[in-house]
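Let's take a walk through this structure together, with the sequence and the coordinates side by side. Please have your viewer ready so that you can follow each stop.

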Amino acid sequence: MAKKSLQTKLIHSDYTAPEGFDAFPAAIHHASTVLFKDVAAMRSGDWKNKSAYTYGLHGTPTTFTLEARLAEIEGGSHCLLAPSGLAAISMIDLALLKSGDDVLLPDNVYNPNRELGRWLSQDFGITARFYDPLIGAGIADLIQPNTKLVWTEAPGSVSMEVPDLRAICDAAHAAGALVALDNTWSAGLALRGFDLGVDIIMQALTKYQSGGSDVLMGAVITRDQALNDRIALAHMRLGMGVSADDTYLVMRGLPSMKLRFEAHDASARKVAAWLKARPEITRVLHPAFEDCPGHEFWRRDFTGAGGLFSVVFDAKYTEEQTDRFVDSLELFGLGYSWGGANSLVMPYRIQGMRRDWKDAGVLVRFNIGLEDTADLIADLEQALARL
Ligand SMILES: *Cc1c(COP(=O)(O)O)cnc(C)c1O
């Protein structure tokens, strides 16, 4: 158009980017509306096809780039992004379960996942049952003809039991059930879920992938087209869009993720070993330590551990005392989540969460960040003195 009014010019620019411009960071495409070249292109576009762009909610080159990279990291072939780790969990349940079905969840599962199971049981005609995370092959006895999905978490992110994933996958598959793994603890770096037989891997990208404690996002990764298509339908129906800027933040974290993870891991093992030698601590629940239930499965299946572990205080210390310890820490922020540069601490009332923990002392979970290890230990030492 030769002549445009000022108002139209405010909306339509004549600028076109130079041909051949390229850079290492993938371009960020902000889009709700996606433009079609012509009507034929619009009619032939299929939202399921990742080379056809139909609407911002169904994906842009920015989100498809991150999905492809995450699938590659996990050794899968398909990935779907969700606005949080919990949204990824709910998308899996809503895609794969319907009224009359049964789902099994470990007793130590990420608490909002347990809460979702309870909701499905109460209001949606689905049964959700909880199993001992160390059940291993014994899970075969719990699987019913209507059990469609078995959730696993390796390790449980508060009490840290490491499950026998191979045995659970074998039993579930023998009975025709799918296995979903919450693989957030190892970021897809230290545990190869698909190699052990897992069907669906869920990640909270909020943690190590972003690494900045500044973005919420989740991913569902599969290596089977038909299974991905079922979950993609729920993704579309539920409107699981993510923002282009958040996607960029996660992509920005990926190149340094493995180095950060290894630094968290090395420091966390030193801090855990120091705590293990302290008289105030009765147990160190770090999967790389023999104290940790399921340690043998960590040794068999994992190649690293990251920064998250828990300790159990001697039961002689009251909650008031351990609260004072937590409040006395200066370098550890009191907050949920992990995977960022800042060390975090969180006390848990584990006695009420798990049946077999009735006599345990207070459990305190640490996320070891990227501060100097000696400084963290000095901080723990001064806070223990305040017990
Ligand atoms: C954080 C977390 C989630 C949920 O991720 P959000 O992005 O915070 O919703 C799920 N599972 C585990 C094990 C987590 O640590």
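The tour below begins at the ligand, moves on to the pocket and the cavity, and ends in a loop.

Before we set off, please keep in mind that this is a predicted model. A good place to begin is the ligand and the residues around it. Its shell holds 16 residues, and the closest of them are Gly85, Asp182, Thr206, Lys207 and Trp338. Sorted by class, this shell is made up of eight nonpolar, five polar and three charged residues.

Now zoom in on the polar contacts. At glycine 85, a polar backbone atom is 2.7 Å from an oxygen atom of the ligand. Leucine 86 also takes part through its backbone, where an N or O atom lies 2.9 Å from a ligand oxygen. With lysine 207 the side chain does the work: one of its polar atoms lies 2.5 Å from an oxygen atom of the ligand. How much of the ligand does the protein bury? On its own the ligand exposes 380 Å², and the protein buries 90% of that.

It also helps to see which secondary structure elements the shell draws on. Helix H4, spanning 85–96, and strand S6, spanning 200–204, each provide at least two of the shell residues. Of the elements, H4 gives the most, with three residues.

Step back a little, and you can place the ligand in its wider setting: it sits in the largest pocket. This pocket contains about 600 Å³ of space. Its lining consists of 32 residues, and those closest to the pocket centre are Tyr110, Asn111, Pro112, Ser157 and Arg365. H4 and S6 turn up again here, since the elements that give two or more residues to the pocket lining are H4, helix H5 (111–123) and S6. By class, the lining of the largest pocket has 16 nonpolar, nine polar and seven charged residues.

Next, let us look for enclosed space. Rolling a probe the size of a water molecule over the atoms reveals where empty space remains. Across the whole structure, the search finds one cavity of 30 Å³ or more. The volume of the largest cavity is about 40 Å³. Which residues line the largest cavity? They are Leu70, Ile73, Glu74, Ala187, Gly188, Gln203, Gln209, Ile221 and Met257. Helix H3, residues 61–74, supplies the largest share of this lining, with three residues. The cavity lining divides into five nonpolar residues, three polar ones and one charged one.

Our last stop is a matter of backbone geometry. Most peptide bonds are trans, and most residues other than glycine have a negative phi. Between alanine 154 and proline 155, however, the peptide bond is cis, with omega at about -10°. Proline 155 belongs to the loop between strand S4 (147–153) and helix H6 (165–174). Methionine 160 is also found in the loop between S4 and H6. The phi of methionine 160 is near 70°, a positive value in a residue that is not glycine. Both spots are worth a look in your viewer before you leave this loop.

Technical notes
Residues are numbered from 1 along each chain as its sequence is written. This is a predicted model: local features need pLDDT of at least 70, side-chain atom pairs count only at pLDDT 80 or more; totals for chains, interfaces and linings use all residues. Side-chain values use heavy atoms; hydrogens and water are left out. A residue is near a molecule or strand if one of its heavy atoms lies within 4 Å of it. A polar contact is a pair of N or O atoms within 3.5 Å; within protein, one must be able to donate a hydrogen and the other to accept it, and residues adjacent in sequence count only if both atoms are side-chain atoms. Accessible areas come from the Shrake-Rupley method with a 1.4 Å probe; for residues, only the protein chains shown count as cover. On a 1 Å grid over the protein atoms alone, a cavity is a set of points where a 1.4 Å probe fits but cannot get out, and a pocket is an open set with protein on both sides within 12 Å along at least five of seven lines; lining residues have an atom within 4 Å of a point. A molecule sits in a cavity or pocket if more than half of its atoms lie within 2 Å of its grid points. Helices (H or I, at least four residues) and strands (E, at least two) are DSSP runs, numbered from the N terminus. Ala, Val, Leu, Ile, Met, Phe, Trp, Tyr, Cys and Pro count as nonpolar, Asp, Glu, Lys and Arg as charged, and the others, Gly among them, as polar. Grid points are joined across faces, edges and corners, and a volume is the space filled by probe spheres set on the points.
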